[in-house]
Amino acid sequence: MKPKRKSGFAIVLVAALAGLVFLLGASLVVITKLQTASADYDQRVRLAREHARAALEMAVADLQKEMGKDIAVSFTADTLSAAESDDFKTVRVGAAREPFWTGASQGAGNVNWLVTRRLDGTITLPTGTYSGPEIELLGEGTVGNNSLLKVKVPTDSVSVTGVDGFDTDSARTIGNYGYWIGDLGVKASYAWYDQLDEVAHDGYEVLFDPNEEVEGDEYVVKDRKERLRQLTIARPSIAFLDTDDTSDSPSNPERIDKFVSDFQFRSGFDGSDNDFRFLKGLTKEETAGNFHDFTPLAKGLLVDSERGGWRIDLSRDNSYEIAFRSFSNFWEGIGLEDNVTYEDYTLKVDNSYIPIVPAITQCNLNYALYFTEEAKLRIGLQATVEVWNPFSFAINLSGQRILLDVKDLPSLKIDLLNTEGSVILSHSSDISPAGGKIELVLTSFESGSQELRGGQIVVLSTSGDSEVEGESILLKMSDGTSGRYFLDDEDLTASPELDSIKLSFVDELGAPVSYNFSLDFSIDGTDSESGKDLVRVYALPYDYTLSGKSYFLFTEVEPARFGFSWKVDDSSLLTGGEYHPYYSTFSEYDIEAYETDASDGSNTVAAFSSAAFELLGFEPEIEEAGETDYDVPYLLLPKQEMTQVGQYSALTASNATGRYDISIAEPQGSDENNNGYFDKYFFSTIPKTPTDWSFGKTLPNANYVPLGGLTAFSTDPAEDLFVHGMFNVHSTSVDAWASILKGSPISKHPYWREVFSIDENVAVSDDLYLFMNHPLGGEDINILNPSDMPEIGSDLNPEDYPLEAKRASLRKNAFGLTEEQVNSLAGLIVKHIRTHVGGTGVEEEAEINPFDSLQEFVDSGVLQDAINELNSSESLAINPSWVIPGTPAEFRQSTILNLISGILSVRSDTFLVRAYGDAVDPADPTNVWAKAYCEAIVQRTHEEYGDDVPASTADIDRKFEVVAFRWLSPSEI
């Protein structure tokens, strides 16, 4: 049987091959379409990125135009929000629509907002309502889920002609762009830790080492470095982060030193295997929630925001003594010669140097007639002076003396009278000492010491057991009731018939006559350390008058006495009176009883009023015990180099320093008196030569960092320094302000934690924060709030305050504020910044008034207004009722500036730019093909911008540079 034939195989094979060819063809078509689509997408992404990059370039150009000049200032739109102390992280009525837009101003009320600059020139405001196209540039990927922290900016379209598929002349929209310029200077810095342990040069390397064998030595700060810590912000406090933590390796300071930019800081958090990518203990959520409060690092330039140009460095420049002459509490100004150390002072007044010596506040010189056992009449002289150290630190009187230069003193006629009034015997005596001068040598007081404590008052008098050499009279501590120096004179023998003595001042013919004579007091000597001659002369306003009338003195009552005395009127010392301890010429209003009769009790009794009855009073029992309850420290000089201009507030005028018209760091309303010193000057703390400091070492002002690669400083050191962590005073971040105000925790100060009883390892929430009105050595005289001080009614004038309140007002100078007080103060500062800048609120027609200079910020009284409001709170008030305004015991605006003025500015120099671009369908611009986001850190540099020579310093323009750049994904926005 024949097999069946198979048929149709070829047809199947052909069909299979045809299908394969079809599939291959179809695949080629798909691949071609995919390649075409990919090419189109890449082109669209490139176009979107070109638009984003163009937006970034526009932003940098905008920064250069608006913020390149030294006189430009920056602030955020949140300053226009309703004036409340609430933070921008909470819902507020009257808040700006876009509180984080940056405003730029170059004065005259002109403000431009540093967001998308539309091509048609129209400007969008951050207040009111807005209905145009916009893009979110700070979203959940940056600031978390708090919608109040997000930022939107308007967008503008990019239109071109000649698009394929459309008419040649038809303009088609191919994309959009937008940008936001964020101000980093209004944030506090994460990258700020206590670097003062690294300051190890020029005496700062000395350790705090009290001598346990010396009583009280543990309460004296000997360490220049520890005092430096109370002169500057050593460690701004961030509640959720410990930048000083060293418990693990690497420590947070080591991590901080590795920061390059904000980008690196935000590039990785939890779980990262790179130890240097984030601060230990800091989470991404904390960073996001505090994005507008803190930044890794903002750097600033030391420029004069009022005039333009570099600030003048007072650490190295001769302007130190010139710039502040009119502000010194030493009447005309303070000046230190180049060869004078900070522990060895002279005072410069009208180009002549006056020594740092005590003030004479009271003097009595009286004569008494005594009969010896042999009935011989002798004239005994007693000299008593009250000496006051008005300074806040001790001074040494070794080798000093008081000279009384008596000129034209008349002869004294002595008549001995019997009971009938007849003259038994008459004698004329020259009562002037040899040469007309009496030398009072300051020998010893307080157990032989010749050092006067800060504010100490002593009474020195001739002593009965003192040896006398020539016309030198030795003075010792005394109450002025014993001890005389007997003038050489002819003996006058008394008669048994003597009943009374008649004293008359007579001319050369023996006729009674009134005499005027002058009396100059001077303190002179030689400072054993400096070798300088010390001379200070007191000139009394008028000559003394000795009347020609006769004085009858009965021998059975008291020895016959006459004399003269004077005392300063200290009743108005704290209330704007005339007297000042450094006046060398007294007016008739400065002294009391200078025209009293020669035989008046004030002239014949040497005992002085005690401290119980007058401010500059003397208590022998207290002094012998070495107690300080009656000390009256009044004037200040720094113990070591100052670190910031604000510290001059402790040296300048106030109700407690003798000048009442001007005062650095206190509100003035205008800068006519303060002359813009906060903008014009700074202290670099660059050591003067010779020094063991070198480039690469930390300066005492640790925030001031020299540029890399330097081997020598320029004529203007500001040209070579960046301020790391410079803080813009327009900040409305309550947390940022609070962190800076907490920059000096008492737990970090060995001396002050003993005073305030704070443990070194105290919890952050229980720590106190140090502020001082005597940042230049207040440990010598400080007291805290006395518990037994009386309450003072608001209707009582300062001159009527109890003496203990007056003394305590001069001696209290340090403050330990609680965390609650500081946080509340920070909120009130923000409130008053908004009041000043935004006025009534966010109305579009409201005038915008940013601070055009740092001096304007000081003069506006924003800080003082916040303090006043805090003091109205019964539970948070800082100043008790007994504190006299203007004294060191008053916490006031200058108290804050003592600590933080060295890092303050009215402008920022570091900015974060976010830019956006997209590509859209030219046929349907609502169809977005691709989006692109980028960001950059832009830093203003020292280099001048442009080739033209500035017409004035106000026209100086400095170059902005992009120092970091990266592309962002939408999820990172």
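A disulfide is counted here when two cysteine sulfur atoms lie within 2.5 Å of each other. In general terms, a disulfide is a covalent bond between the sulfur atoms of two cysteines. By this rule, the chain has zero disulfides. The structure is a predicted model, in which local features need pLDDT of at least 70 and side-chain atom pairs count only at pLDDT 80 or more, while totals for chains, interfaces and linings use all residues. Residues are numbered from 1 along each chain as its sequence is written, and side-chain values use heavy atoms, leaving out hydrogens and water.

Two cysteines can be described individually. Cys-363 is buried (under 20% relative accessible area, found with a 1.4 Å probe and protein chains only), with a value of 4%. Cys-934 is also buried, at 0%.

Turning to the chain as a whole, 17 helices and 42 strands are found; these are DSSP runs, with helices being H or I of at least four residues and strands being E of at least two, numbered from the N terminus. Of the 973 residues, 55% are buried. The chain exposes about 40800 Å², and carbon and sulfur atoms supply 48% of this area, computed by the Shrake-Rupley method with a 1.4 Å probe.

Contacts (heavy atoms within 4.5 Å) also link distant parts of the sequence: among those with a separation of 6 or more, 74% join residues 24 or more positions apart. A helpful residue to look at is Thr-835, which sits in helix 14, spanning residues 819-838. Thr-835 is partly exposed at 38%, a class that runs between the buried limit of 20% and the exposed limit of 50%. Thr-835 and Thr-79 are 756 residues apart in sequence, yet their C-alpha atoms are 8.0 Å apart in space.
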